[in-house]
Amino acid sequence: MKKSKKYKRYSNSQRLDFQSYAMERIKETRKAERHSTADLYRTTINWLNRYLQGKRLAFADITAGMVDRFTDFLRATGLRTNSINTYLSNFRALYNYAWRDGYQSPKTSPFQHISLHWERSGAKALKESDLCEVLSLKPTEASLKKAIDYCTFSYLACGMPFADLARLTYKNIHNNEIIYHRKKTGSLIRVGITPYMKRLIKKYASSSSPYLFPILPPTRPVKHEEYKALLRAYNHSLKTIGESLSLPLRLTSYIFRHTWASEALRKHISVTIISQALGHSSEKTTRFYL
């Protein structure tokens, strides 16, 4: 078996420990603009470092017993099952990358005995009455007004994610449709423009920006950390709105995506169509949503 170019590059220098290898993998993942995955890897390494109390982890020390002890540590911190599963899944993914790069050749994987069972979380969709209450709210604060407009547009655009809404430009408008590729998956999505969506587009129209909404800087690319700060600010505004209405759910940008999917199903739209509108890679993902 030929060694990969990555293995040759690493083997020419001092042998890396697991954390150092993981940081190299995170850099490569960011270069590929898979920032969400890189963030998950980084958080996983942070938890691993907490468990190891600053010690470096040699590949030979990653055993089934070590994985079990790390799992027990995560449980002892009070993390939820799905969070623990996420960190174990990313730990395993990083280890598998290292194995393919020639760092470790165990007879059996130290993760072979791990079976990740994901728990169904609570409701993530608003009731129709709660949704109407949110969308009809007339706040006085500018940031809250924008948040209402953005979540309204997101809902009307078949649960469009904030990452895609923020990047919409006038080039995405074709006749009476918005046609775009999802930032996360690259899936092609076509959404009809309703009269109220048209009003919102007109409301924020600006000759100084190519974007439909004043979220991203109009003259330069947005950095990943900068985008995350914008998303946090949007979610903070939604949280404030939800608390002012005493809603049973904490409002986030994804609540409106789930709400649209749930309402579409309630109105007897097929799961196949809902899946296509959400840009999911499989109907299994959509059914988990619903």
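**Exercise 1. Serine 253**

Decide whether serine 253 is buried or exposed in this predicted model, and find out which residues it is in contact with.

*Solution.* Let's begin with the surface. The relative accessible area of serine 253 is 12%. A residue counts as buried under 20%, so serine 253 is buried.

Next, locate it in the chain. Serine 253 sits in the loop that runs between α10 (224–244) and α11 (255–266).

Finally, look at its surroundings. If we set aside neighbours within four places in sequence, serine 253 touches Phe162, Leu231, Tyr234, Asn235 and Leu238.

**Exercise 2. The two sides of helix α9**

Work out which residues of helix α9 (residues 195–203) are buried, and where they lie around the axis.

*Solution.* Start by picking out the buried residues of α9: Met197, Leu200 and Ile201. Around the axis they cover an arc of only 100 degrees, so they lie on the same side of α9.

Here is a handy rule to keep in mind. An α-helix has 3.6 residues a turn, so residues three or four places apart point the same way.

Now turn to the other side of α9. There you will find Pro195, Arg199, Lys202 and Lys203, which are exposed.

One step remains: what do the buried residues of α9 pack against? Their partners are α7, β1 (173–174), β2 (177–181) and β3 (188–192).

**Exercise 3. How α6 meets α7**

Describe how helix α6 (residues 128–135) and helix α7 (residues 142–156) pack, and say which kinds of residues form the contact.

*Solution.* First, take the geometry. The axes of α6 and α7 are 10 Å apart, and the angle is about 135 degrees. Angles over 145 degrees would count as roughly antiparallel, and 65 to 115 as roughly perpendicular. The angle here fits neither range, so α6 and α7 are oblique to each other.

Second, list the residues. From α6 come Leu131, Val134 and Leu135, and they meet Ile148, Cys151, Thr152 and Tyr155 of α7.

Third, sort them by type. The contact of α6 with α7 has six nonpolar residues, one polar and no charged.

**Exercise 4. The whole protein**

Give the make-up of the protein in helices and strands, and the share of its residues that is buried.

*Solution.* Count the elements first: the protein has 13 helices and three strands. Then consider burial: of its 290 residues, 41% are buried.

For the overall dimensions, the C-alpha atoms fill a box of roughly 60 × 40 × 35 Å along the principal axes. The accessible surface comes to about 16900 Å², and carbon and sulfur atoms account for 53% of it.

How values were computed
Residues are numbered from 1 along each chain as its sequence is written. This is a predicted model: local features need pLDDT of at least 70, side-chain atom pairs count only at pLDDT 80 or more; totals for chains, interfaces and linings use all residues. Side-chain values use heavy atoms; hydrogens and water are left out. Axes are lines fitted to C-alpha atoms, for helices over the stretch in contact, and angles run from 0 to 180 degrees between N-to-C directions. Helices (H or I, at least four residues) and strands (E, at least two) are DSSP runs, numbered from the N terminus. Angles under 35 degrees count as roughly parallel, over 145 as roughly antiparallel, 65 to 115 as roughly perpendicular and the rest as oblique. Contact means heavy atoms within 4.5 Å. Ala, Val, Leu, Ile, Met, Phe, Trp, Tyr, Cys and Pro count as nonpolar, Asp, Glu, Lys and Arg as charged, and the others, Gly among them, as polar. Buried means under 20% relative accessible area, exposed over 50%, partly exposed in between (1.4 Å probe, protein chains only). The arc is that of the directions from the helix axis to the C-beta atoms. Accessible areas come from the Shrake-Rupley method with a 1.4 Å probe; for residues, only the protein chains shown count as cover.
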